[in-house]
Amino acid sequence: MITRRAAAVALRASLRRACSSHAADSDDPLFGLFDASAPHPEPCLSPKDFAFIKDPAPVLPAAALPPPEAVLISKAVRAYGSDFDGKAERFLRRYREFLTDSLVVAVLRAVRSPELCVRFFLWAERQVGYRHTGACYDALAEVLGFEDHARTAERLLREIGEDDREVLGRLLNVLVRRCCRRGLWDEALEELGRLKDFGYRPSVVTYNALVQVLASAGQVEMGFRVQKEMSASGFCMDRSTIGCFAEALCKDGRWTDALDMIEREDFKLDTVLCTQMISGLMEASLFNEAMSFLHRMRCNSCIPNVVTYRTLLSGFLKKKELGWCKRIINMMMTEGCSPNPSLFNSLVHSYCNAEDYAYAYKLFNRMNTCGCPPGYVVYNIFIGSICGREQLPKTELLDLAEKVYEEMLVASCVLNKVNTANFVRCLCGVGKFEKAFQIMKEMMRKGFVPDASTYYKVITFLCQANKVDKAFLLFEEMKRAGVNPDVYTYTILIDGFCKAGLIEQARRWFDEMRSAGCSPNVVTYTALLHAYLKYKQLCQANDIFHRMVDDACYPNAVTYSALIDGLCKAGEVQKACEIYAKLIGASDNVETDLYFENKGVDTISPNVITYGALVDGLCKAQKVADAHELLDSMLSAGCEPNQIVYDALIDGFCKFGKIDNAQEVFLRMTKCGYLPSVHTYTSLIDRMFKDGRLDLAMKVLSQMLKDSCSPNVVTYTAMVDGLCKIGETEKALNLLSLMEEKGCSPNVVTYTALIDGLGKAGKVDASLKLFTQMKTKGCAPNYVTYRVLINHCCAAGLLDDAHLLLDEMKQTHWPKYLQGYCSAVQGFSKKFLASLGLLEEMESHDTAPIAHVYGMIIDSFSKAGRLETALELHKEMMEVSSPLNMTSKGMYTSLIQALCLSSQVEEAIALHIEMMRRGTMPDLSLFVCLIKGLIEVDKWNEALQLCYGICQEGVKWQGNKSFDGG
């Protein structure tokens, strides 16, 4: 007897022979196309040589391939379908030995015709030794379940019933369960009705499937009806169905019904069933009931397992009951259970969203204790939550983020792109630029490649913090990394360098971006234009404006506002007013036409920024009346002034001494709904102190405090300076102490004003003591501080102290160029600088007037008769004053006079020659002193020659009086 395996081998062999004979058939369209006898030269290269490039064809598992018998049977069924009882059955009889459930399923899926599939299915069922399995019924149900074959399927079901009622009953049960598996409870009930219409009873498996799908869909009432019918049929629910139904009842809040149902079904509560009920109670937000079930478990000797606790924890977490989560975590850890990594991540995320960062950080330690150390996700969640908000985090939170970051590095994890940018932004925001740089480099070493957007954000933060040197280094790093800067990156860098006064470097960036094919936008041009105007480089500003228009990048309202503001800062207030008049159509001045050659300028109107810039410029030019008129024009044009405009006008009136007008604008501002700012109050208080109206100043200060507006360092400095001006230095010192007690640290301007006030009151020792205190408290003195103190020391005869201060200033605060000098005097009032003679010096020279400090000290040493020190200082000054190109007539005069009195006439003559060579013409009194000195040492010939020289060439003396020997 031939076995089934041997028959299968024989069949496969016959199939291979059939395929080979077909390939050699003369009807083959490729047969004879090539001459087999003609040899073909083998090519040097063949497609096989490149086979490695192709993706390998996926190898299907043997179970996924239909057996060859199934292919032949399916073809025969389709071919002989019209004569199934004849030819088809005769063909199928040859394969009865190969009938298996997998072969039947393969044939059904290959045929796909409902009618043919039913006939084949019934034929297979009739074969001796074979019986359909559940997989076969599922395959037939799939074929009969198509919507477009609904009527055909109904007819076929009846045919199946007529042929074999047992097969039909099984099939109808399968159809019900199929709908249940797909979650279609309503269709499942329809199939149940059809099953009953055909006179069949559902099986226990079908009933369980129905109850489960109804429970999952929340149809508990319908579930109870089916369960009741199931019990009447003598069936019981299985464990899985009871758990599913009990969970659904708990979700509906009917946990008592669930307990009754469990009791009726004669089931005992166990850990799995209690966990399912707890899950349902958590979904219904019945937290107390869920916890009572946890205690019920222990009472019934059901020990909660890790799934129970995780179910509770997930439920509380989903409902955002974070207080309950802490209790569950403590219970879990006590009983040796732990959340999984995913649940830990969700917990950290939730506590971070609730801003409970302290507990979120505790979870990090618990993760390590539970053997699932923090990973990439949880580190990014924590740091991203702290640094991802718009506002900067508090100091302690940022410190915690840094601590977690260090732990992250130890764990070999990295931050993603967004969190890296946000972390760096926060560090830059609190001044930790070195740390921000370090983080960028560390992330790049670990494979993080910042894109243009990330670089732009960090460069923006650095520029906003005036750290243009760091921004420059990062920009160079960006280019080395192969990331091309876009117009926004170039623009923020140009704007940052312009604001720092580094216009030439900003211009180099501008030229570089153009050569790189990156077109500047209106913001780029505006930033450079404003910088040139601010530093009085009008020709370059005009060139930039023309280039802007030539590049079809037309100025907007912001550009014109910057133009007006820049002209005001450059002292060109009249031209700024003409541009404003041109904007409103009230001027025909042709000098400003170059700014209005572009298209669309007629549609540009001055806005509040434009008015604010012009009001501020007019006030600083002491044209406060014009600024006041401009305020009325602004209102007439329908442009509502803002806080900045009102503050500028109030400050202008105060600086001009018109306190009554300032108070009038102040009342007008408050009526418009604007609350006075600290700047507003400071302007009023400063003027009142300078006028000596302390009673009125104290009233304004009281109102300021009443409005919860705390004085800042500028306010305190104005009061200190005002008290010093009226000689109340003791009160000024007390105010300094009060300022520090209130947590407001004095700045260099505050200390310098008080040092100057003490010096003018003759308290130079107190000035020196305050100077030492200033440095001890971390406030660095600048050029103005040294200049003020050296001046007072010289006036008080403390020449050695003045000399020491000069040496200290040279080593620490020596601004060599005007730009650094301007930064040094920033914050001091013009009146104060004018009293020191600094404004005149700045206007006369393009560099810092260090030589004037030397001259002052040399003059003091000369008058004190300490010629040796004076000459040493003069020699030292010559070494540094040559590039500065500055001389002091007073210094030379006092030094020469002192030398003549000490009979050192030769040195005096040498200084006179040097003085004349430097272009400084001596006074007549100095010539008289030199002649007397020569006579005193019996050098009559030299004295006569000097007199003859004066008479011969003629010398113009001060006051336009001349001496020509007559």
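Which residue lies over the face of Y359? In this predicted model, K326 occupies that position, at 4.7 Å from the ring centre.

## Aromatic residues around Y359

The ring of Y359 also takes part in an arrangement with a second tyrosine. Across the whole structure, a search finds 24 aromatic pairs; one of them joins Y351 and Y359, whose rings are tilted, with 4.8 Å from centre to centre and 55° between the planes. Both of these tyrosines, Y351 and Y359, are buried.

A group of five further residues can be described alongside this pair, since Y357, Y361, F364, Y379 and F382 form one aromatic cluster.

## Q227 in helix α11

Q227 belongs to helix α11, which covers residues 220-232. Its relative accessibility is 6%, and because buried means under 20%, Q227 counts as buried.

The side chain of Q227 is joined to that of E265 by a polar contact of 2.6 Å. When residues up to four places away in sequence are not counted, Q227 touches V211, M237, F245, R264 and E265, so that E265 appears both in this list and as the polar partner of Q227.

## R264 in helix α13

R264, one of the residues that Q227 touches, is found in helix α13, made up of residues 255-264. With a relative accessible area of 53%, R264 is exposed, whereas Q227 is buried.

Leaving aside neighbours within four places in sequence, R264 is in contact with F224 and Q227. The C-alpha atom of R264 is separated by 10.0 Å from that of C236, a residue 28 places apart from R264 along the chain.

Definitions and conventions. Residues numbered from 1 in each chain as written. Predicted model: local features only at pLDDT ≥ 70, side-chain atom pairs only at ≥ 80, totals over all residues. Heavy atoms only, no water. Helix = DSSP H or I, 4+ residues; strand = E, 2+ residues; numbered from the N terminus. Buried < 20%, exposed > 50% of the residue type's maximum accessible area, 1.4 Å probe, protein only. Polar contact = N/O pair within 3.5 Å; in protein donor to acceptor, adjacent residues only side chain to side chain. Contact = heavy atoms within 4.5 Å. Phe/Tyr/Trp six-rings, centres within 6.5 Å; stacked < 30°, edge-to-face > 60°. Lys NZ or Arg CZ within 6 Å of the ring centre and 35° of its normal.
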